[in-house]
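Colleague: Could you take me through the charged side chains of this chain, with a close look at the salt bridges and at where their partners sit? Please set them against the surface and the overall build.

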Amino acid sequence: MREDVEALDISDVTANWVNAAVLSRQIDERIKALADLSDTPLFFGRLDYLHAPGAEQAEGADGERFYIGRRHVHDGDGDPMVIDWRAPVSQPFYRASKKDPQDVALRRRFGYTGGDLTAYEDEHLSDPEESAKTSKLLQQEIERPRVGPMRDIVATIQPEQDEIVRSGLGGTVCVQGGPGTGKTAVGLHRVAYLLYAHRERLARTGTLVIGPNRSFLHYIEQVLPALGELTVRQATVDDLVAHVEIRGTDGTAAATVKGDARMAEVLRRAVVSHVTVPTEPVVVVRGSRRWRVAAYELERIVRELLDRGIRYGAAREALPQRIAHAVLVQMERSGEAPDDRVQDAVARNAAVKAAVKQIWPPVDPARLVLRLLTDAEFLAAHAEGILTEDEQRTVRWPKPVRSVKSARWSAADAVLVDEARDLVERTHSLGHVVLDEAQDLSPMQYRAVGRRCTTGSATVLGDLAQGTTPWATRSWAEALGHLGKTDGVVEELTAGFRVPTDVITYASRLLPHIAPGLAPVASIRDNPGFFDVRRAEGTAAVLAACGELLAQEGSTGLIAADPRIPALAEALTAANIPYLSPGEETTQDTRLTLIPASLAKGLEYDYVVLDEPAAVVAAEPDERTGLRRLYVALTRAVSGLIITHTDPLPRQLGGCEV
């Protein structure tokens with residue numbers, strides 16, 4: 001298929017150089033999408049239908065066989081050899097069961113090692129003599145060692161996951177999923193499915209995946225290309241709102257107030273305050289005639305524009321045309337017959353321009369936010385009845401700033417600037433946005449994301465128990481409201497595929513303290529996993545645990561409280577144990593990653609050493625946030641976890657019993 005594309009001759013079908021350039025780019029993208037991927041087989045399953053799909057199920061009718069793979073593959077004659085996993089005919093591979101065989105006689109799963117076919121497994125779903133059984137190949141695939149970036153789960157998608165993946169483009173879906181339930185993979189595969197089912201529409205409107213940090217985005221960046229999708233942009237929330245340079249930080253109290261949804265109304269008031277009710281008429285001179293628009297009529301036009309609730313910038317652009325229209329009405333009454341060209345000329349008249357500049361002056365969003373944060377009177381005027389005096393003092397900067405460029409903007413400030421920009425000029429909306437680790441976003445950050453999909457839909461992924469910011473999401477209904485998607489559907493994933501049973505059971509001791517009422521994850525793993533808690537002095541126990549786990553196949557992560565990372569890095573270097581930082585790709589030679597607890601969210605390793613749980617809790621501003629951070633750190637392991645500690649364990653873990 002790739003050779004056929006490479007052999008295309010476009011010289012006879014391009015009328016000009018522009019068409020040739022566009023077609024050449026499309027061909028290049030097609031060739032990239034057809035690239036061979038090492039260790040990635042073309043097919044992973046087979047379906048034998050009792051009857052041909054779509055045909056009448058008459059007795060004696062022939063069935064049909066389909067091979068299922070990551071993408072469509074056809075032979076030299078154009079006949080399909082492998083069916084794309086997203087096609088409707090492939091759906092029973094994920095949904096069919098003994099109770100509901102969906103006209104499937106046989107489902108075959110193929111097992112691979114290093115790209116070589118090494119095993120297969122059959123399920124005769126329509127055979128009453130064969131009982132339902134757990135797939136060993138499925139278990140092996142789930143428990144396969146994790147080396148390198150995140151991989152797709154297209155061969156192991158479960159029925160409850162597939163329902164979310166194939167849900168329609170028109171609706172927003174919020175997925176609550178505990179550690180190891182596959183919510184991130186579900187979100188990425190949903191993007192791949194939507195691009196397959198609505199390719200032309202999303203090609204026009206665009207898709208975006210938003211992650212919590214660069215390390216996380218690097219970890220997931222190979223999933224969609226492996227499924228043949230190369231056009232999806234990835235970004236963090238900070239990337240989206242990068243209108244000013246971030247050089248400062250906020251304290252917890254200031255960041256919390258700045259991230260509160262009430263700030264949206266403060267900003268709206270501040271923007272609208274620039275509009276001045278006219279007190280003088282506008283006089284337009286054309287030739288020997290003078291046309292006068294009275295002050296009361298100008299006031300009516302201004303109030304109409306304000307009442308319409310359109311963007312400040314759009315209303316400012318409309319104002320000269322509305323004034324010009326009032327002049328044209330007078331011209332028509334006097335017997336003239338002006339056309340659109342006359343109206344445009346009047347709108348450009350110096351008197352009209354001067355009036356617009358005075359009534360509806362331009363607003364620079366960054367300067368507006370800067371004034372709010374440095375001018376106590378300006379903030380008080382627009383925050384009255386919204387923010388208390390204490391809250392106003394909390395968000396104000398202690399010293400005046402000369403300019404936007406010299407200001408030490410924080411991440412929360414950048415979100416405020418983004419909100420102000422949207423009040424002035426509408427933010428471009430995409431067709432679909434995936435928001436991962438959403439539980440950590442502030443209401444104002446949700447609004448920033450929501451602006452990117454006002455005319456599209458979203459997939460929101462997160463776990464309320466893993467919220468580690470002071471403003472962490474309390475409920476998904478509240479989050480969807482801030483996102484502007486109140487009609488979004490909340491789905492919950494509770495089956496755990498990554499974290500071993502013993503590990504998730506231990507970590508779940510924290511749930512009553514960090515997310516009361518949230519259902520614990522139930523691991524479906526056959527392997528209970530390796531789990532040990534060790535009390536010892538110094539870093540020797542940490543190094544010994546790392547050496548022990550590195551003797552096993554797969555990746556190892558050493559997770560510790562952020563303040564302890566420098567000391568552990570020094571100890572690893574002294575012991576000649578090579579290690580990587582989060583976001584760097586593991587190799588066969590270097591399989592240990594040293595991870596600050598603050599960056600562990602969303603990552604996974606075959607084995608994890610967790611250093612000093614009490615220090616992880618103590619590093620956070622409050623106990624609940626610290627316990628949530630600990631819950632995240634405890635649930636990064638796929639095969640085994642060793643906890644090393646000198647200080648007593650947090651009481652919520654029930655001492656050191658396992």
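Modeller: The accessible surface of the chain comes to about 30900 Å², and carbon and sulfur atoms account for 49% of that area. Since this is a predicted model, what follows describes computed geometry. Along its principal axes the C-alpha trace spans about 95 × 70 × 45 Å, and the chain is built from 28 helices and 21 strands. Of its 658 residues, 52% are buried, and among contacts between residues at least 6 apart in sequence, 73% join residues at least 24 apart.

Turning to charge, the chain carries 76 positive and 93 negative side chains, and the centres of these two sets lie 9 Å apart. The structure holds 39 salt bridges, and a few of them deserve individual attention.

One of these pairs is R86 with E229, whose side chains meet at 2.7 Å, N to O. R86 belongs to the loop between β4 (80-84) and α3 (92-95), while E229 belongs to the loop between α9 (223-226) and β9 (233-236), so this salt bridge ties together parts that are 143 residues apart in sequence. Both partners are withdrawn from the surface by the accessibility criterion: R86 counts as buried because its relative accessibility is 4%, under the 20% limit, and E229 is likewise buried, with a relative accessible area of 4%.

A second salt bridge is formed by the side chains of R498 and E604, here at 3.8 Å, N to O. This pair, too, links distant parts of the chain, with R498 in the loop between β15 (495-496) and α23 (501-507) and E604 in the loop between β19 (592-596) and β20 (605-611), the two residues being 106 apart. R498 has a relative accessible area of 9% and is therefore buried, and E604, at 16%, is buried as well.

A further pair, E620 and R629, is joined by a salt bridge of 3.0 Å, N to O, and again E620 is buried, as is R629. Beyond such pairs, there is also a network of salt bridges, which links D418, E419, R447, R451 and R452.

Another glutamate to look at, this time for its backbone, is E612, which has a positive phi of about 45° although it is not a glycine. E612 lies in the loop between β20 and α27 (613-618), and with a relative accessibility of 6% it counts as buried. Q102 likewise shows a positive phi, near 55°, in a residue other than glycine. Its place is in the loop between α3 and β5 (104-113), but Q102 is partly exposed, with a relative accessible area of 28%.

To set a nonpolar feature beside these charged ones, W17, V18 and V22 make a surface patch of about 330 Å². V22 sits in helix α2 (residues 17-33) and is partly exposed, because its relative accessible area of 37% falls between the 20% and 50% limits.

Taken together, the salt bridge of R86 and E229 and that of R498 and E604 each have both partners in loops, as the places of the first pair and of the second pair show.

Methods
Residues numbered from 1 in each chain as written. Predicted model: local features only at pLDDT ≥ 70, side-chain atom pairs only at ≥ 80, totals over all residues. Heavy atoms only, no water. Patch = residues over 30% accessible without salt bridge, like charges linked within 9 Å, V, L, I, M, F, W, Y side chains within 5 Å. Areas by Shrake-Rupley, 256 points an atom, 1.4 Å probe, with all protein chains shown as cover. Salt bridge = Lys/Arg side-chain N within 4 Å of Asp/Glu carboxyl O. Helix = DSSP H or I, 4+ residues; strand = E, 2+ residues; numbered from the N terminus. Buried < 20%, exposed > 50% of the residue type's maximum accessible area, 1.4 Å probe, protein only. Contact = heavy atoms within 4.5 Å. Lys, Arg positive; Asp, Glu negative; His and termini not counted. Charge placed at Lys NZ, Arg CZ, Asp CG, Glu CD.
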